[in-house]
Number of protein chains: 4
Amino acid sequence: MMDRVDIRYLRRPEEVGLESPVMIEGLPGIGHVGKLVADHLVKVLEVEKVVELYSHHFPPQVMVDENGMIKLPKNEVYAYKSDGDSPDLLILVGDYQSISNEGHFELANAYLKIAKDFGVSRIYTLGGYGVGKLIEEPYVIGAVNDESLVAELKEAGVKFENGEPAGGIIGAAGLIIGFAMLEGIPSACLMGTTSGYMVDPKSAKVVLEVLMKLLKLEVSTEDLEERAKEMEKLIAQIKEMQEAQTVQFKSDEDLAYFR
Amino acid sequence: MMDRVDIRYLRRPEEVGLESPVMIEGLPGIGHVGKLVADHLVKVLEVEKVVELYSHHFPPQVMVDENGMIKLPKNEVYAYKSDGDSPDLLILVGDYQSISNEGHFELANAYLKIAKDFGVSRIYTLGGYGVGKLIEEPYVIGAVNDESLVAELKEAGVKFENGEPAGGIIGAAGLIIGFAMLEGIPSACLMGTTSGYMVDPKSAKVVLEVLMKLLKLEVSTEDLEERAKEMEKLIAQIKEMQEAQTVQFKSDEDLAYFR
Amino acid sequence: MMDRVDIRYLRRPEEVGLESPVMIEGLPGIGHVGKLVADHLVKVLEVEKVVELYSHHFPPQVMVDENGMIKLPKNEVYAYKSDGDSPDLLILVGDYQSISNEGHFELANAYLKIAKDFGVSRIYTLGGYGVGKLIEEPYVIGAVNDESLVAELKEAGVKFENGEPAGGIIGAAGLIIGFAMLEGIPSACLMGTTSGYMVDPKSAKVVLEVLMKLLKLEVSTEDLEERAKEMEKLIAQIKEMQEAQTVQFKSDEDLAYFR
Amino acid sequence: MMDRVDIRYLRRPEEVGLESPVMIEGLPGIGHVGKLVADHLVKVLEVEKVVELYSHHFPPQVMVDENGMIKLPKNEVYAYKSDGDSPDLLILVGDYQSISNEGHFELANAYLKIAKDFGVSRIYTLGGYGVGKLIEEPYVIGAVNDESLVAELKEAGVKFENGEPAGGIIGAAGLIIGFAMLEGIPSACLMGTTSGYMVDPKSAKVVLEVLMKLLKLEVSTEDLEERAKEMEKLIAQIKEMQEAQTVQFKSDEDLAYFR
């Protein structure tokens, strides 16, 4: 039987033995910025899957992979045991957020339960901040559930912009740090500015760089960089096309005098 | 963990020690009339926050303030201990109503539970009554859950208009006095007439004045008055523009004969 | 506190002492046919209100009556103790059906609980069958949860029309006799044919007449008759207007030859 | 009372005594392909109805049959005891899927409970795969919850097409094999390609043929064949009409040169 929100521990938290880990959340959202960063960490770090989470609040369907194998909608939590300066990590990734309003709250309860079961000392939720136009130099804006975090984040390059995002932070990235506030876990949301029109590895790269500073973590960013370069080419092409059009419009205007 | 409807007492009702308080509800609604009045009372009276209420029925998001601090959607209850003629007060304020139909009922249950825990003797819910046109002289219409209240309300200037509002009273302002009827708490809804097109401090002011009479309470209304005056200027400008347009239309009509 | 579905007995069923009563349901629906009939019975018979039913599945609002008194959405059950040939009756009336799909099922559970608590021996649900055009001579079609009822209903003038209504019977009128089937209570739905465009007392009158035959009950039908006559006048006017328009269209067509 | 998901065993599984049966699911869906196949099996095999399932997640209405008898929305499970080479079968049929997202999950839980109560050893869910154009030679594509099934299915003629269906498998056919994966029951979904525009007995026939191979079961396919032939005639007519139109378009184009 699958519960409405069904947390399945593949290993018991005390067995995994993380020490006051930092939780990183990167679920789908604006520009898939958070998801790109968290998926990248799972790929480049030596991690172990410790939790699978199923829910009635995910879409009622299964996906089919290239071998004909089905996949039930689920999110996953990976554990990373640090052997360096960085803290241990607990990384929440997956392809789904709730498709109902109430489900967002029930899932946030679950994510916090997992965080507490693993003794999480801090949470960073990751996301994109859609600004509605192409961004050449993306940067990271922050929101915190504890004012004492602001100075540290600013030092790592995070900007705080007078109440931005004005529309609030919707879904898991917002509710998780909200619920963490109720539980007394200092947490922040890191949002990479992005157009909001496309998956944005360039924005993800700047979020990852901020995150590495905050975590004193060194990982290869090659994969994201490559995808970011491809995207820059794409942006360049789009701009070229836009400029060509603008010129065209202008010459149309010029001609207008002669008509 | 956050419950579907999560009432968090910051202080135990018996510790706060209100004596048969009157509950005032002012949540967002038509013209934000009720919210303006209740927020004003919290601002000008010496109050103490005694309850925070979270719910899965609020929007699944957090807002961000000017310092980058997040705020979870929540409503709040403030206690006011009177040292004069007026009764003690329990003031329900906040930025949210339920976003689902069923949630309205679950939240009304919670508001009544709080009322009963504090031994509330009467409830006034506040709101706006949208009439679809600009109102020069707003007044207050009432609805009660106990006919014996009508005379007292009329004396304080409340009008009862033959079944108005015809569409009923939707959301917390209506359900709270409905649920109070089931609990035997005599209660009324005070609605300031308003256009329904904009936040209306002028309507809020007349509601506050009626409420002060009912509660034998004296508070400064300066803040609302000032905002009301600004609004009157705005209305004057709008009217001027409308008249200018009407004149324009007329002269257009005149010209039509010559075309 | 109000439960999701909140049944409040004003008197205990065993106190009321009905003998194997027949339940009549007349809630709002197509042409308000069922509601008109059930409300009429409550008006002309000497009845006693025995149950009030509140629910989170009704609209989240209160209505206001001519005296400024509010009314919470609720349905009601009235008991009628027969002193003649007719059986005792349990009449379910009210202004509301569920506003959610699931709520319809939860409410039907509640209606059946009440039926069983009162030892109901049969249920007639009443409704309209919308046919999409004006009906001069409305009649009653039936649907049963027990084939043995068909002969008796036919004798009382009920027609069975090969699977009509083709779209099924939606809401309380359908689910109640469906749930009654699971409980072994023989039941039928009586539907007066009606346009579906307006409240239809003429259709209600024919349903009432069939019901009186089935129940060996004699009640005045004056009230419905009067309203039916008014409605016939209205229909006559509408027809006249339609014919006038048709003539107009024809003469327009004739003129077309000359243009 | 009817529970949200209400499983009613007409006979206890241990009484029915099926031996490691294979479950077949054929509920309504694309082209009604799965439903046609499962209904056909119930018709041509000697089966016994063993479960009726009601739910608040079905539409809130009853249907009326040709005799005026009502039918509550329900799904049914039939048992087939094999006397030949084929395994015993448990066939899930019905007219309904959930009308809410969460309901799909609750119903899948119920279907798996039934499967486990009967000791099911494998599940085949049946469906259509809509391709958006008329299909002359429908075939069967598969998806599995256990890679070891692929070889066997391929041998029976099932194709695996690189991640198709790209949109996933929605509703019962997908969730049942997903939930079965969590329970360790090897299962597959068999989808007949179909236009998606109409009920498709021709596609159902090819799914049935694959299923018979997989089950070592011999049943008459006459009924589906006949309906498939009628459908082929219909397709032929549609094509003729389409070609006629194409010709018309072409001659219109030719004429264009002369206008």
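Between chain C and chain B, nine residue pairs are in polar contact, counting pairs with both residues at pLDDT 80 or more. That pLDDT cut-off is there because this is a predicted model. As for salt bridges, the count between chain C and chain B is one. The two chains also share a sheet, with strand S10 coming from chain B and strands S4 and S5 from chain C.

**Who touches whom**
- On the chain C side, 24 residues are in contact with 31 residues of chain B.
- Three residues of chain C stand out here: His56(C), Pro60(C) and Ile70(C) supply 27% of the area that chain C buries against chain B, which is more than any other three residues give.
- Sorted by class, the side of chain C that touches chain B has 13 nonpolar residues, seven polar ones and four charged ones.
- Strand S3 (47-55) and strand S4 of chain C each put at least two residues into that side.
- The top contributor is S4(C), which gives four residues to the side of chain C that touches chain B.

**Buried area and the salt bridge**
- An interface's size is often quoted as the accessible area lost when the parts come together.
- For chain C and chain B, the buried area is about 2200 Å², and carbon and sulfur atoms give 63% of that.
- In the salt bridge, the side chain of Glu102(B) meets the side chain of Arg4(C), at 3.0 Å from N to O.

**The sheet the chains share**
- Strands in a sheet pair through backbone hydrogen bonds, in either a parallel or an antiparallel way.
- Here the sheet is open, has three strands in the order S10(B)-S4(C)-S5(C), and pairs in the antiparallel sense.
- At the edges sit strand S10 (169-170) of chain B and strand S5 (70-71) of chain C, each of which pairs on one side only.
- Across the chain boundary, S10(B) pairs with strand S4 (residues 61-64) of chain C over two bridges, again antiparallel.
- Want to trace that pairing residue by residue? Ile170(B) has Gln61(C) as its bridge partner in S4(C), while Ile169(B) stands opposite Val62(C).

**A helix across the sheet**
- Helix H5 (residues 172-183) of chain B lies across S10 of chain B as well as S4 and S5 of chain C.
- Relative to S4(C), helix H5 of chain B runs at about 80°.

How values were computed: Residues numbered from 1 in each chain as written. Chains lettered and ligands numbered in written order. Predicted model: local features only at pLDDT ≥ 70, side-chain atom pairs only at ≥ 80, totals over all residues. Heavy atoms only, no water. Pairing = 2+ DSSP bridges. Contact = heavy atoms within 4.5 Å. Axes fitted to C-alpha atoms, helices over the stretch in contact; angles between N-to-C directions. Buried area = accessible area lost by both parts, 1.4 Å probe. Salt bridge = Lys/Arg side-chain N within 4 Å of Asp/Glu carboxyl O. Polar contact = N/O pair within 3.5 Å; in protein donor to acceptor, adjacent residues only side chain to side chain. Nonpolar A, V, L, I, M, F, W, Y, C, P; charged D, E, K, R; others polar.
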